[in-house]
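Here is a brief report on one protein chain. Please keep the sequence and the 3D view open while reading.

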Amino acid sequence: MATGIASGSGQLHLRKPVYWRSSYGKAHCHSNVILNGMQNQIPWSYWVSKFLRVHRSNYSQCQVKTNWKSHSGTINSCQRDGSTRYFDFAVIGSGIAGLRYALEVAKHGTVAVITKAEPHESNTNYAQGGVSAVLCPMDSVESHMQDTIVAGAYLCDEETVRVVCTEGPERIRELIAMGASFDHGKDGNLHLAREGGHSHRRIVHAADMTGREIERALLEAVFKHSNIHVFQHHFAIDFLTTQDGSDIICHGVDTINTETQEVIRFISKVTLLASGGAGHIYPSTTNPLVATGDGMAMAHRAQAVISNMEFVQFHPTALADEGLPNRPSARENAFLITEAVRGDGGILYNLDMERFMPMYDKRAELAPRDVVARSIDDQLKKRGENYVLLDISHKPREKVLSHFPNIAAECLRHGLDITQQPIPVVPAAHYMCGGVRAGLEGETNVQGLYVAGEVACTGLHGANRLASNSLLEALVFARRAVRPSIYHVNVSRIDHGASSWWPRPVAPVVLGDTVLNKVIRRTREVRKELQSIMWEYVGIVRSTSRLTAAEKRIRELELEWETYLFQHGWEPTMVGLEACEMRNLFCCANLVVSSALSRHESRGLHYTIDFPHVEESKRLPTIIFPSQRNSSWSSRQLHRQQIC
C-alpha cells in the first residue's frame, strides 16, 4: 500500500492500492489519482502529460538555482573539453526512434547520437514484418485501434492508441519521402500485408527485411546532416542527474568508448533515450547482442517511473535450429520467422503434422502473439517436444520467395527449402511491452529526459503488442518528442563547468589483465545463470511459487557476483562493457519479476497458473516508482546524485 510517490511531486498523492515497490520490492497497481485534492478517473497518459508539462514550465527557474547558465541559445557546433562533449541534444540509441528524432531536432541544434555498437546494430535492423498503418480505403483508424486494444488485452491507454493510429499514416509518408523503399503491388500502390491480430491488410513492408530498409534510409540521412555527430561503440553507463527539491533533472550521460576504454561525458540540454529492449535477460531472444536493457536500468537508477515490466512478449516463431537438416553453430540471437508468414497462410503443426491452433483459438494462426506463443508452449510441454512446424509450402513458390527472401535464404543455408518443407519454430523472447513511463510527448518524470521506442512504456501496447505496432510507435513518439525538446533547449542554458559536478567513472585497467579476465569469465557465467533462471521461472507460463523462487535466486546470484567483483579489487565507480551489461541485466530481471509478482491475474503476456483468469478489477498498469533505498550495485547510480 502506498500513500504517495517516492519522488517527483509534492502535489501528487495516490488513493487505493498502487502497484508500488521501493527499489525491487513488490510493485502495485495504479488506480485513482488525487491531483491538487480532486479525485478523478483519468487516463494515465493524460495525467503524465499534464503533470510533466507543469514541471517543464518551471524548468528555467531550476536552471537559475543550479547555475546552469554559462551558455544560452543553441550550440553552433560540437564542443569538447578534454573527455567531455557538449550538445544541445543527446540521443541514446541508433534505431528508428533515435534516428528519426535526431533528424528533426538537428534543425534546431547540435545532436550527439550515442550508439553501443555500429550504428546499424539495433532491434530496428532485425525487424522483418513491417510497419502497421491505415493506408487502405477499406481500413479505418477505429479498426486499427480496436485491433490494438483487443491484442493488448484491454490494458492499452485509449488516448495513446488513438494518437498513434491517427498519426501513423503520415509518419509512413515521411519515411517514403526520405527514401525508404517499400514493396508495391501490381497496381502501383503500396503492398499491404496482414499479420496476426489485424482485421485488415495494413502492414507496409520491404519483403521480409523492413527494418533493415528503414534503418538504411535513416542512417543515410543522418550521415549527411552536418549537425548530427554519431558516436559508435560508446556504451551509455548512467545519466547525469541533479535533484532540486522533488524534481530530478537530467543533464546528460556518461559513456565508455568500448574500443579505447576512454570514459566520455556528454553534457546536453535534452536527452532522448531510445536504447531498445532487454531481450538478453533470456537465453533465447530474437534481439541483437546490444539489447541488454541498458536504458531501462539507467532510467530506473535515475529515478524514472517504470511500468508494465511483467509483459515480456515471446515471439511464437523463432527458427528452431535443432530442427534444421544442417544445424548451425551457436547463434548470438535467434533468427526470427516473421508474423507475416502466418499472415500469408502459414499453418502450425506439431511433429505428427497435426494442426493445433484451432483447438486454442478461433482465429487459429492469426491469433495475437501471446495466444500463439502459449499454445505452442502447451504443445511442447504436453508432447515432450522441442519445436513445432510452420508450413508455408502449400503457397506458390514464387510468392513465397518474393515475400520472404531473407527467411528462405537463411533456411536454405542450413539445408531446408521452405517452398517444400515446413519450418521448425519455437518461441523466443522478442519485445518488452513495459519500460520507462512516458506521456503523449515522450516526456518522463525526469526533467530533460524523453523516451521513445521499445525502452518506453507509452500505454500503446497494454498487456501484449499487436504485430508491427512497434516501429509505428517509435516513429510517432520520436516525432511527438520533438516539439517539447526544442522548447526545452530554447529555455535552457549550459554551464561548461557542469562536467565537474559528478565524479568520473574509470576503466578498470589498474586491476591488470589476469584479474580482468577472471572477472569477465565469471561475469559471462553469471549471465548464463541469470538467463537460465529467467527462462525456467519467468517464462511464458508462470506461478507465484516459481516467481518467488526466481526472486530469491536472482538476489543471491547478484550478491554473489558483486561480492566476487569487489573481492577482486573492483570499485563501485569502475566500468567495463561486460560488467555494466550484467549490472543492467540484473536490474531489468528484478523489475520483471517484481512486476510479475504483483499482478494477481492472467492478462495478455502475463499468464500465471495461480490466477488463470482476467480480473476486471485488476485492469490497471503496473507501476514501479522511484526509491532512494537501492542496496545493490545494479540498482544505484555510480555517482551520488547532486542536490541543488
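## A buried leucine and its surroundings

L585 touches H280, I281, T292, R527 and L530, leaving aside residues up to four places away in sequence. This is a predicted model. L585 sits in helix 18, which spans residues 577–598. Is L585 buried or exposed? L585 is buried, because its relative accessible area is 0%, and the cut-off for buried is under 20%. One of the contact partners, T292, is 293 residues away along the chain. Even so, the C-alpha atoms of L585 and T292 are separated by 5.8 Å.

**Confidence**

The chain has an average pLDDT of 87. A pLDDT of at least 70 is reached by 86% of the residues. Over residues 1–26 the pLDDT is below 50. That stretch still has 95 contacts in the model beyond near neighbours in sequence. Residues 30–42 also stay under 50. For residues 30–42, the model has 33 contacts beyond four places in sequence.

**Strand 8 and its partners**

Strand 8 covers residues 111–114. Its side chains alternate: V111 and V113 point one way, A112 and I114 the other way. Which of these four are buried? All are.

Strand 8 pairs with strand 7, residues 84–92, in the parallel sense over four bridges. Here V91 has V113 as its bridge partner. Helix 3, residues 96–105, joins the picture: strand 7, helix 3 and strand 8 make a right-handed β-α-β unit.

Strand 8 also pairs with strand 12, again in the parallel sense and over four bridges. In that pairing, V111 has I228 of strand 12 as its bridge partner.

**A three-stranded sheet**

Strands 9, 11 and 10 form an open sheet in the order 9-11-10, with antiparallel pairing. Which strands are at the edges? They are strand 9 (131–132) and strand 10 (192–193), each pairing on one side only. Strand 10 meets strand 11, residues 203–204, in the antiparallel sense over two bridges. There L192 stands opposite V204 of strand 11.

**Two loop residues with positive phi**

H233 and M353 each have a positive phi in a residue other than glycine. The table sets out their values.

| Residue | Phi | Loop | Relative accessibility |
|---|---|---|---|
| H233 | near 60° | between strand 12 (228–231) and strand 13 (234–244) | 12%, buried |
| M353 | near 60° | between strand 18 (347–349) and helix 10 (357–360) | 40%, partly exposed |

H233 counts as buried because its relative accessible area is 12%, with the cut-off at under 20%. M353 is partly exposed, because its relative accessibility is 40% and that class lies between the cut-offs of 20% and 50%.

**A polar contact from strand 13**

The loop holding H233 leads to strand 13 (234–244). T241 has its place in strand 13. Is T241 buried or exposed? With 0% relative accessibility, T241 counts as buried. What does the side chain of T241 make with the side chain of Q637? The two side chains make a polar contact at 3.4 Å.

Note on methods:
Residues numbered from 1 in each chain as written. Predicted model: local features only at pLDDT ≥ 70, side-chain atom pairs only at ≥ 80, totals over all residues. Heavy atoms only, no water. pLDDT = per-residue confidence, 0-100. Contact = heavy atoms within 4.5 Å. Buried < 20%, exposed > 50% of the residue type's maximum accessible area, 1.4 Å probe, protein only. Polar contact = N/O pair within 3.5 Å; in protein donor to acceptor, adjacent residues only side chain to side chain. Pairing = 2+ DSSP bridges. Right-handed = clockwise from strand over helix to strand, strands pointing away.
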